[in-house]
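Work through the exercises below with the structure open beside you, and try each task before reading its solution.

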Amino acid sequence: MLSQISATLSHTPSSLTATTAFSFRPYFRPKFRFYPFNSQRRRFSSVVSMDGSSSPPAAASVDCISEDLKNQRLENHSGNNHGMDGVNNAMNTENISQNRVRLKLEELKWDNSFVRELPGDPRTDIIPREVLHSCYTKVSPSAAVDNPQLVAWSESVAEFLDLDPGEFERPDFPQIFSGAAPLVGAIPYAQCYGGHQFGTWAGQLGDGRAITLGEVLNSRGQRWELQLKGAGKTPYSRFADGLAVLRSSIREFLCSEAMHSLGIPTTRGLCLVTTGKYVSRDMFYDNNPKDEPGAIVCRVAQSFLRFGSYQIHASRGKEDLNIVRTLADYAIRHHFLHLENLSKSDSLSFSTGEGDDSVVDLTSNKYAAWAVEVAERTASLVANWQGVGFTHGVLNTDNMSVLGLTIDYGPFGFLDAFDPSYTPNTTDLPGRRYCFANQPDIGLWNIAQFVTTLSAAQLLNEKETNYAMERYGTKFMDEYSAIMTKKLGLSKYSKQLISDLLKNMAVDKVDYTNFFRLLSNIKADPTIQENELLIPLKAVLLDIGKERKDAWTSWVKSYIQELSASGVPDEERKKSMDSINPRYILRNYLCQGAIDAAEQGDFEEVRRLLKVMARPYDEQPGMEKYARLPPAWAYRPGVGMLSCSS
């Protein structure tokens, strides 16, 4: 991403296999261009057209729709805000009452609505097969274990589950969360879903090694699914072993907790245990497999529903299209309750062109309102990723959460040296489909697949489908520009200043995180001598010649002019900037250091990293080494870039 993100997306009928019962209609093939550095706020506007053109903008503000939708709910459910803010608030353990409930594992309140309300597989065996007309298969954890050990745990996750943190000390805790001993009240299952992988329809995928134990209801009425990743084979394992290694499990556990602390919606990690067994993995796909320690991470989320959870049923023809509706109803009922009974409201009717037939009234179709909210949550999520320099690495549609959560941490990576084409996934080379700069456009591509699925099930019409995609673009641009404005401590958005900055950072391979953290040290003083302007940034502007030094000096001068015009005191601005520009991020080389120690039986570095990443915006005296630039070894294969082998 330099001065703009611009990509043309084509949605071809061949995106699904020839056996697919529905095809992409012409109006699902938008060419949509992002201009995140556009200083002019966009408004609700148009159907996404073939040429990227749009009809005249409507009068509604882009930020009002989510609030309006949340306000249109039944009075007796007024406390159940499950919008983006609701997800964040639900995970904000700092606001939980001191008089919290502390339960033993046997006392957890299980509900298991997924298996109770949705169609399931009549078979319970784990033979790899196509599972038809079903959302899940009941299957129990089966990973072999031998003296499993607790590697790390999250007390903040235990807190919102109402789980007594003393339970982590139970001698049988590793046995339970390795799947070797059952949890009372749980009804384990593996979910059925499909997905587009690297832009190609892959058919049935499903939980090949993740087994959901069930749903826990806490004392605040919140629903949380617990899932063991690496717990053994399921019917969706295909030719794999259903297991996970310690290396990838540490990365997933640490990053899910680190992302939460950064304020980014994400699945969480309750605990991580070793299995005591070894698992064979060909890490580089070079026919040189090696045995690695096995592990299981307990993931927690309000739901693990994905875009692919809906796609698989739509792809199977008319017979299964009703499952798309059933699954949509389930998601709305349990996770978007504010959409269940919308009342007519002028503020939720939007014009997409001229004439009465161009109006999209979200109150008349809860599925349209839901699609718009899913699109907005996704756009907001991707904007936040771009803000902290996070690259997911595998943005297939089966890795996209309908709740707008970061899900499935595989070969992810945070930017070190700023490189818009950076991809942490070796499988993504050389095309770099999922590189850092492409993430916003891939988010739209994935939303297009999602709303096409809902349209195939006759839940959305053409205008509603295009409107949801348009909302994604508008929401992303608004949020991304606001984030970058805050990162620079500006009082208003400056397209040119931000564009020039990112160009300079790309040319000189400047460390993304450390640069923005140091930027808050620049004073809004136009009288500073030219030879002193770059002093606050000297730790990140390394080995630059006179030409590049002049370019940076020119940029800093322009930046100081903007700061001076705002009139915000330096200390006030620094405090604000430091609250959005982290000091610590989970760099891949930090993960690797913890992995190397853990594979030798020393888990202290994993626990230390977890503690540091819980306060990413604080200085944390004594922890400065975790904010250092990557050493040379950080760029070796298997550290800076990884494969999907885990």
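The exercises that follow concern a predicted model, and each one is solved step by step.

**Exercise 1.** Find which residues have the most contacts inside the largest nonpolar core.

*Solution.* Begin with the core itself, which has 137 residues, and within it pick out Trp 370 and Phe 515 as those with the most contacts. Next, ask where the largest share of this core comes from: helix H9, residues 366–388, supplies 14 residues. Then turn to Phe 515, which, leaving aside residues up to four places away in sequence, touches Leu 501, Met 505, Val 510, Leu 537, Val 540, Trp 552 and Trp 555. Finally, note a second, separate core of 37 residues, with Leu 105, Leu 108, Leu 150 and Val 300 among them.

**Exercise 2.** Explain why helix H16 (residues 588–598) is described as largely enclosed by the rest of the structure.

*Solution.* Count the buried residues: 9 of the 11 in H16 are buried, so the helix is largely enclosed. Including Tyr 589, Leu 590, Cys 591 and Ile 595, these buried residues can be picked out one by one. What covers them includes helix H6 (246–262), strand E13 (413–414) and helix H17 (604–613).

**Exercise 3.** Determine how many disulfides a search of the whole structure finds, and examine Cys 255 and Cys 271.

*Solution.* The search finds 0 disulfides. The closest cysteine sulfur to that of Cys 255 belongs to Cys 591, and because the separation is 6.8 Å, it is too far for a bond; Cys 255 is buried, with a relative accessible area of 0%. For Cys 271, the closest cysteine sulfur is in Cys 298, at 4.9 Å, which is also too far for a bond, and Cys 271 counts as buried at 1% relative accessibility.

Notes. Residues are numbered from 1 along each chain as its sequence is written. This is a predicted model: local features need pLDDT of at least 70, side-chain atom pairs count only at pLDDT 80 or more; totals for chains, interfaces and linings use all residues. Side-chain values use heavy atoms; hydrogens and water are left out. A nonpolar core is a set of buried Ala, Val, Leu, Ile, Met, Phe, Trp, Tyr and Cys residues joined through side-chain atoms within 4.5 Å. Buried means under 20% relative accessible area, exposed over 50%, partly exposed in between (1.4 Å probe, protein chains only). Helices (H or I, at least four residues) and strands (E, at least two) are DSSP runs, numbered from the N terminus. Contact means heavy atoms within 4.5 Å. A disulfide is a pair of cysteine sulfur atoms within 2.5 Å.
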